[in-house]
Amino acid sequence: MNKIFLRILSIFWFWILIWALPTHPITATAAEKPFIFGLLLVGPYNDHGYSQAHYEGGQYVERKIAGAKMIYIDKVNPADRPGITIPQLVDDLMEKGARLVIANSDDMKDGIREAASMHPKIYFVHVSGDDVLTGKAPQNLMNLFGRMEYGKMMAGFVAALTTKTGKIGYLGPLINEETRRLASSAYLGARHAWENVLHKDPADLKFQVTWIGFWFNIPGVTTDPTQVAHNFYNNGYDVVISGIDTTEAIGVAQQKRLEGKDAWVVPYDYIGACEGASEVCLGVPYFNWGPGYVDCIQAVISGDWKSEWVWRGPDWQDINRPDTSTIGFVTGAALPASAKQSLNAFIKELGAGKTNLLKGPLFYQDGSIFLKDGEIASDQQIWYMRQLLEGMQGASSAK
Amino acid sequence: MKPKLLLRYSKELILTLAVVFLFTTIILLVTGAPVLAVYYHIFKGSLGSWAKFGHVIKTWIPLTLCACGLLYTFRIGLWNIGVEGQVMMGAIFATAVLRFGVESHFSELYLFLSILAGIAGGAIWALIAGYLKTAGGVNEIFAGLGLNFVAQAIILWLIFGPWKRPGIASMSGTELFPKALWLPSTFLLRISPIGIFSAFAAIILTALMLRYTRIGLCLKAVGNNPKAAYLFGVKPQPYMLLAMIFAGGFSGVAGCLQVTDVYHRLLPAISSNYGYLALLVVMLGNFNVWISPAVAFFFACLNIGSVQLPMMLQLDSSLSGVIQGASVLAALGMQAWRMRIRSNEVGAFYE
Amino acid sequence: MRVEVHDIHKHYGPVRANDGITLTIEPGRIHGILGENGAGKTTLMKILAGYTRKTSGYLCMDQVPVDYRTPTEASQLGIGMLYQDPLDFPFLSVLENFMIGQAVGLANQKKYYRKKFDSLAADFDFALRPNVQVNRLTIGERQQLEILRLLSLGIQVLILDEPTTGITNVQKDYLFSALKKMTSEGKSIILVSHKLKDVEAVCNQLTVLRRGKVTGEMKAPFDTDILLEMMFGQTPIPFNRCLQESGRTILELDNVSAPGGRSGLSDCNIRIRQGEVVGLAGLEGSGQDVFLRIAAGLLRPAGGSVMLKDKRMNAKDYHCFKHSGVFFQPSSRLEEGLISGCSVTEHFALQSDHKKFVTKWSDATSDAKKKMTEFRIIGRPDSLAESLSGGNQQRLLLSFLPRNPLLLLLENPTRGLDMESSSWVWQHLHKYCSDNTTIVFSSSDLDEIIMAADRVLVFFNGKMIKDTRTCETSSYELGLAIAGKR
Ligand SMILES: Nc1ncnc2c1ncn2[C@@H]1O[C@H](COP(=O)(O)OP(=O)(O)OP(=O)(O)O)[C@@H](O)[C@H]1O
Ligand SMILES: [Mg+2]
C-alpha cells in the first residue's frame with residue numbers, strides 16, 4: 001500500500017513540476033519599432049550555395065531597410081533537425097517577434113502553408129513555390145522566385161563552348177518541375193552555343209542529367225554527389241553543370257585537374273561559388289535575393305501586401321547589378337576571353353529579345369510536343385515543365 | 001518502489017545530470033561558446049512558453065513510447081537496437097493504410113486502422129529480429145542494426161518509387177495527407193490527445209505489466225537467468241519473442257504518430273532517431289518505468305531547445321548532439337559506478 | 001603475515017551479518033573458520049578480501065592498521081581469496097585466466113606466463129593443461145587454477161571459502177598438501193568449511209562463528225563434540241538408511257549414450273525403482289551429471305532409450321518430464337538454480353499457477369514466508385537470491401521441491417550446508433521417500449552417500465562401473481571405484 005502511494009506521489013510531483021515550469025503563455029509581442037523577419041534556410045547558412053545566397057539576401061534587407069532585423073534558422077530539414085517541423089519553427093520565429101517569414105525551399109511547401117493558415121496575421125513568403133498559382137495559398141502567403149532559366153542558359157552556353165569532348169554532365173538534385181525547367185534551360189543554352197557559335201551538329205552534343213534525389217547530400221539517403229561528379233569526369237564529361245545547392249562538383253573538378261585531366265565546372269546559386277576555384281570555374285549563375293526580399297517587406301510595411309506569385313528576372317541592363325537584378329551570372333577565371341565575348345553577345349541578344357530559346361518547335365523527351373513551331377512559351381508553360389527536352393539524357397521523372 | 005530506492009535513483013539521476021552538465025560545460029568552454037547563455041536559451045527554448053512546451057510534448061510522446069517498448073526487451077536481457085527500424089516500419093505500415101483513406105469519408109476509421117497497422121509493422125519487424133535470435137542464434141544487436149538499414153532502404157524505395165509524388169522524384173517525402181487524416185489536436189498547445197493518451201497508456205501499461213503480471217515476472221526471470229528460468233518451467237524463447245512484440249508494437253505506434261501527428265507524410269528521416277535516443281533514455285533512466293519518461297522529457301527539451309542556438313547565438317545546433325554525447329558518457333559512467341556499488345553490496349537494485 | 005581483525009561489524013539493513021568479530025590469524029598457520037549457515041563466514045572473508053566494505057571495525061596487518069576497498073588493493077597488500085563459487089572467465093583458456101590481473105601492457109607475454117604457470121603447477125603437483133577452456137574444468141581444477149593465479153600475484157594470506165565442497169577426495173588431498181606447503185613457506189591460510197573432518201585434518205587453529213559473533217576458539221587437537229556444541233548449541237543426530245526391498249521400476253535407461261559434460265555418457269543401463277534413494281558417486285563430470293540431465297530431459301540422448309514409467313521419453317524436454325512428476329535441481333545454485341536479481345518472493349511467484357495472468361504478490365509473499373520458516377532460511381521475502389548465504393541459497397532451492405513428486409533428481413543437494421542442516425535436509429527428503437518418491441542425487445561426499453542412500457552407482461569416465469547397496473560397501477571401497485580401480 002505504502003509503495004503504491006509513494007509511486008503515485010512521485011508521479012504527481014513529476015507532472016506538477018512539468019506543468020508548472022512554463023510560466024508565461026504566448027503573449028503577443030507587439031514590438032512595433034524594428035521590423036523583424038524570419039528566414040528558414042534548408043541548408044547551412046554558409047554553404048556557399050543556395051542557402052547562403054538567401055542568407056546574404058537577408059543581410060541586404062537589413063542594410064537597405066532601416067530597422068529591419070533578420071532572425072534565421074538554418075538546416076531546416078528532417079534529416080538535420082529530427083522531430084522539428086516547419087510550423088514549430090514558425091511559432092518560434094513569431095515568438096521572437098517576426099512579422100514576416102521567408103521559407104527558402106521547395107521542400108517546405110506543405111509546412112509553410114500549414115503555418116500560414118494557422119497565423120493569418122503574419123506574412124509568409126515561400127520561395128520557389130506555386131501555391132498562389134494553384135490557389136492553395138491563404139491570403140498571407142506569397143510566392144517568390146527568380147527566372148533562373150536565363151542563368152542556366154548562360155551556364156549551358158559556356159559549358160558547350162568549353163567542352164572538348166562534347167559531353168556535358170548536369171548534376172541534378174531531385175526531379176520536379178523546377179529542376180526539369182532548369183536542366184532543360186541549361187541544355188537549350190548549350191545547344192544554342194553548339195549550333196550557332198561553334199556551328200556543330202546538335203546530335204554530337206551529349207547532355208546527361210543525373211539526379212541525386214535531394215537538394216544536397218544526405219548520407220545514406222541520397223546518391224552521393226561527389227560520386228556522381230567523379231563518374232562524370234571519369235566517363236569523358238569534361239564540364240559539369242551543378243544543379244544542387246552545395247558545391248561538391250567544384251572540389252571534384254579541382255581534384256581531377258590535379259590529376260591532369262580536363263575538368264571544368266559551372267556551380268550554382270551563390271555569387272561567391274567560384275572563389276578559390278579559378279582554374280576550373282567557368283562562371284556561376286546566381287540568385288540575388290536582396291531586391292526581391294526588400295520589395296516583399298516594403299509591401300508589408302506600406303500595407304500593399306498582395307498574395308501573388310512573383311517571378312523576378314535579370315536586369316538586362318546589367319545582370320550583375322545588386323540592387324535590381326535577381327538573376328546574375330559572373331564569369332570565372334577559367335573561361336577564355338573569346339568565350340566571354342560570345343557570352344556577352346548572347347546575353348545582349350537575350351535581353352533584347354532577339355534570341356528566345358524557349359520558342360518552338362521544341363519537343364519533350366518522349367517526342368511529344370512542348371512548343372509548336374513558332375510558339376513562344378508562356379510563364380506557366382515554362383514553370384510547369386513536364387519532361388526534359390528531346391536531346392537530353394536522363395530521367396524525366398522517377399523510374 | 002521503496003522510498004530508499006527512490007532516493008537512490010534520484011541521487012543517481014541528479015549525479016548523472018551533474019556529470020552531463022560538467023562535460024557539456026567543458027566542451028562549451030573549449031569551443032568558446034557562452035556557457036550560461038547556451039543553457040539559458042536551451043531552457044527558454046524548450047520550456048519558455050506553452051507553445052514550446054507543446055513542441056516538447058510532441059517529441060516526448062514518441063520517445064516515451066519507444067522507451068516503454070525497450071523496457072520489455074531490456075527486462076529480458078535483449079538489446080533491441082532494432083527499435084529504430086521498428087519505428088520506421090510502424091510509419092510505413094501506417095502510411096500504407098492511410099493511403100487508402102485519402103479519398104475516403106471515414107477518416108477516423110483509417111486513423112484508427114493506421115495505429116493498428118503501426119503496431120503490426122513494428123511488431124513484425126521486431127519479431128524478425130527476435131526469431132533470428134531465438135531460432136538462428138543471431139545476436140539481436142546485429143540483426144537489429146541490419147533490419148534498421150533494411151527499413152531505411154524500404155522507406156527510400158517507397159518514397160522514390162511506388163509512393164512518389166506525381167511527376168516528382170525527391171527524397172523529401174511522400175505527398176502530404178489531407179487534413180482529415182491528421183490526428184486531431186487540441187487548439188491549446190496543439191498536442192494530439194490521442195498521442196498523449198497513448199504515451200500515458202504505454203507508461204501505465206508497462207508499469208502494470210512488468211510489476212503485476214506473470215509476463216513481467218517471466219521476462220525478468222529469463223532476463224536474469226534463462227537457464228534457471230527454464231528449470232522453473234518458463235521457456236525463454238517465447239518470452240523473448242513476446243518482449244520483442246511489445247517493443248516493436250510500442251515503437252510502431254511511435255512511428256505511426258510520426259506520420260499522423262507530426263509530419264503527415266512519410267519521409268526518410270521519419271524515425272527522427274527516436275529509437276536510438278530511447279535506448280539512451282532507458283539506460284539513463286536506470287531501466288525504470290517511472291524515471292525513463294522523465295529522462296525522455298529532458299531529451300525532448302534538449303531537442304527542441306537547441307534550435308535556439310543557431311537562432312540566438314549563431315552557434316551550430318549540433319551542440320545538442322554534443323550534449324547527447326555527454327549524456328551517453330555520463331550514463332556509461334553511471335553504469336560503471338552502479339556496478340561497483342553493486343559488487344560491493346548486492347543490494348536491492350531491482351524493484 | 002599476521003592479520004588482526006578488530007570488532008568487525010557488517011550490517012545489511014537490519015541483518016547483522018558480522019556483529020563484532022575479533023580474531024587473529026598467525027603467519028604460517030592454517031586457521032579454520034567454522035559456523036552454521038548464515039553465521040557470517042563468507043561476509044567476513046569478503047571483508048578481508050576487499051570485496052565488501054565493513055560497516056565498522058578495523059584490520060591490522062603486522063600491527064599496522066590497513067584500510068582497503070577493492071580486491072585489487074587487497075591483493076596488493078598480499079591478501080587473496082578463493083570464492084565459494086569460482087569467479088573465473090569460463091570462455092578463456094586456463095593460461096589466459098591465469099594471466100588476468102597480472103599481465104599488463106600490450107606485449108604478448110604468453111611465453112613468460114606459460115613458464116611461470118608450468119613451474120608453479122609443478123610445485124604443487126597440479127595437473128592443469130594451460131590451453132584448455134576453463135568451462136571444461138571441474139570445480140576442483142578451477143580452484144587449483146585460482147590458487148596458482150593468486151600465488152603468482154604474490155599473496156601472503158590465502159582465504160578459502162568452502163574449498164572442499166564439490167571436489168573429490170583425491171583433489172582434496174592435493175589441495176591440502178598444497179596448503180601445507182604454503183604454510184611451510186610462511187604464508188597464512190584461512191579456511192572456511194562445514195566439514196569438521198577436513199578442518200580437523202589440516203587446521204592448526206579454529207574460530208567458530210554463530211550469528212555474526214565469535215562463539216569459540218580452539219587450537220589443535222580438536223574435540224569434535226565441543227566444536228559441534230559451539231557451532232549449533234547442540235550435537236546433530238546422525239542418520240542412516242538402507243532400504244532392502246523396493247518398488248517397481250520407474251526410470252529405465254537402456255544403452256543410453258550421450259555427449260556432454262566432460263566425459264559424456266556411454267552405454268548406460270540403469271534402472272531406478274520407486275521409493276529408493278540412489279546416490280551417484282564419481283569424480284566430478286564422470287557421467288553422473290550427464291545421467292541426471294538425461295533423466296530430467298535436459299539433455300537428449302544420442303542413442304538408447306529412456307523410459308519413464310513405461311513411457312518412452314527420448315525426445316521430450318524437461319517440461320514434459322516435469323509434468324510426469326520429475327523434478328531436477330542443479331548444483332550450481334546461482335548459475336542454474338536461482339535467478340539472481342530476483343527476490344525470494346519472486347521465485348515463489350514464478351512457480352505458482354502458470355495460467356494466471358496477474359501475479360498474486362500477497363500469495364507469493366505468504367508462500368515465501370511459510371517456506372522460509374519451514375526451511376529455516378535466514379533472510380526476508382524480498383531478499384535477493386544472491387544476497388542469501390550459500391547455505392541458505394541451498395535451502396531455498398530445496399524449498400522449491402513439489403509436494404508429491406515421482407522422481408527427484410538432485411545434484412549435490414547438501415552442497416554448502418552445515419552438518420546440522422544437511423541432516424535436517426535428509427530427514428526431510430527421506431520423508432518424501434516414505435510417500436513413494438524416488439530420489440537420485442549426486443554428491444562428492446562418499447560418507448553422505450553411504451548415510452543417505454540405499455543404493456550407490458559409481459561413475460568413471462562416462463561409464464557406470466559399480467552398482468551396489470550402501471549397506472554392503474564402505475567409503476574405502478567406493479573411493480577405489482571412483483578412481484577407476486574396481
Ligand atoms: N548482500 C547482502 N544483502 C543482505 N543480506 C546479506 C547479504 N549478504 C549476506 N547477507 C546476510 O548475512 C548473513 C551472513 O551471510 P554469510 O554469507 O556471511 O553466511 P555464511 O556464514 O557464509 O553462511 P553459509 O555457510 O550458508 O555460506 C546471512 O543472513 C545473509 O542473508
Ligand atoms: Mg558462505
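Is Ser396(A) buried or exposed? Ser396(A) counts as buried because its relative accessible area is 12%, under the 20% cut-off. This is a predicted model, and the legends below go through it one close-up at a time.

**View 1. Ser396(A) and its polar partners.**
Here we're in chain A, in the segment after helix H12 (379-383), where Ser396(A) sits. Two contacts are worth picking out. Side chain to side chain, Ser396(A) meets Gln365(A) in a polar contact of 2.6 Å. The side chain of Ser396(A) also gets to the backbone nitrogen of Leu388(A), at 2.9 Å.

**View 2. Thr326(A), a buried loop residue.**
Still in chain A, the loop shown runs between strand E11 (309-312) and strand E12 (327-331), and Thr326(A) is part of it. Thr326(A) has a relative accessibility of 2%, so it goes down as buried. For a polar partner, look to Arg312(A): the two side chains are in contact at 3.0 Å.

**View 3. The site of ligand 1, between chains B and C.**
Ligand 1 is placed between chains B and C. The shell around it has 21 residues, and the closest are Gly38(C), Thr42(C), Thr43(C), Ser389(C) and Gly391(C). Sorted by class, that shell holds twelve polar, seven nonpolar and two charged residues. Three elements of chain C put in at least two residues each: strand E2 (15-25), helix H1 (41-48) and helix H14 (390-399).

**View 4. Polar atoms around the oxygens of ligand 1.**
Now for the side chains that come up to oxygen atoms of the ligand. Thr42(C) has a polar side-chain atom 2.5 Å from an oxygen atom of ligand 1. For Ser389(C), the distance from a polar side-chain atom to an oxygen atom of ligand 1 is 2.7 Å. His194(C) joins in as well, with a side-chain N or O atom 2.9 Å from an oxygen atom of ligand 1. As for cover, ligand 1 on its own has 640 Å² of accessible area, and the protein covers 91% of that.

**View 5. A nonpolar patch on the surface of chain B.**
Which residues form the nonpolar patch on the surface? They are Ile124(B), Ile128(B), Leu132(B), Val138(B), Phe142(B), Leu145(B) and Tyr276(B), together adding up to about 560 Å² of accessible area. Two helices of chain B, H5 (107-136) and H6 (140-160), supply at least two of these residues each. H5(B) has the largest share, with three residues. Ile128(B) is a handy one to zoom in on, and it lies in helix H5 of chain B. Its relative accessibility is 32%, so Ile128(B) counts as partly exposed.

**View 6. A buried salt bridge in chain A.**
Over all chains, the count of salt bridges comes to 36, and the remaining views pick out a few. In this one, Asp74(A) and Arg81(A) pair up through their side chains, with 3.5 Å from N to O. Asp74(A) is buried because its relative accessible area is 7%. Arg81(A) is buried too, with a relative accessibility of 7%.

**View 7. A salt bridge across two strands of chain C.**
The side chains of Arg271(C) and Asp254(C) form a salt bridge, at 3.8 Å from N to O. This pair links distant parts of the chain, 17 residues apart: Arg271(C) is in strand E12 (residues 265-273) of chain C and Asp254(C) in strand E11 (residues 249-258) of chain C. What about accessibility? Arg271(C) has a relative accessible area of 35%, so it is partly exposed. Asp254(C), with 26%, is partly exposed as well.

**View 8. A salt bridge between two helices of chain C.**
Glu336(C) and Arg293(C) meet through their side chains in a salt bridge of 2.8 Å, N to O. Again the pair links distant parts of the chain, here 43 residues apart, with Glu336(C) in helix H11 (residues 333-337) and Arg293(C) in helix H9 (residues 288-296) of chain C. Both Glu336(C) and Arg293(C) are buried.

**View 9. A salt-bridge network with residues of chains A and B.**
Which residues are linked in a network of salt bridges? From chain A there are Asp92(A), Glu95(A) and Lys96(A), and from chain B there is Lys52(B).

Key: Residues are numbered from 1 along each chain as its sequence is written. Chains are lettered from A and ligands numbered from 1 in the order in which they are written. This is a predicted model: local features need pLDDT of at least 70, side-chain atom pairs count only at pLDDT 80 or more; totals for chains, interfaces and linings use all residues. Side-chain values use heavy atoms; hydrogens and water are left out. Patches are made of residues with over 30% relative accessible area and no salt bridge: like charges are joined within 9 Å, nonpolar side chains (Val, Leu, Ile, Met, Phe, Trp, Tyr) within 5 Å. Accessible areas come from the Shrake-Rupley method with a 1.4 Å probe; for residues, only the protein chains shown count as cover. A salt bridge is a side-chain nitrogen of Lys or Arg within 4 Å of a carboxyl oxygen of Asp or Glu. Helices (H or I, at least four residues) and strands (E, at least two) are DSSP runs, numbered from the N terminus. Buried means under 20% relative accessible area, exposed over 50%, partly exposed in between (1.4 Å probe, protein chains only). A residue is near a molecule or strand if one of its heavy atoms lies within 4 Å of it. A polar contact is a pair of N or O atoms within 3.5 Å; within protein, one must be able to donate a hydrogen and the other to accept it, and residues adjacent in sequence count only if both atoms are side-chain atoms. Ala, Val, Leu, Ile, Met, Phe, Trp, Tyr, Cys and Pro count as nonpolar, Asp, Glu, Lys and Arg as charged, and the others, Gly among them, as polar.
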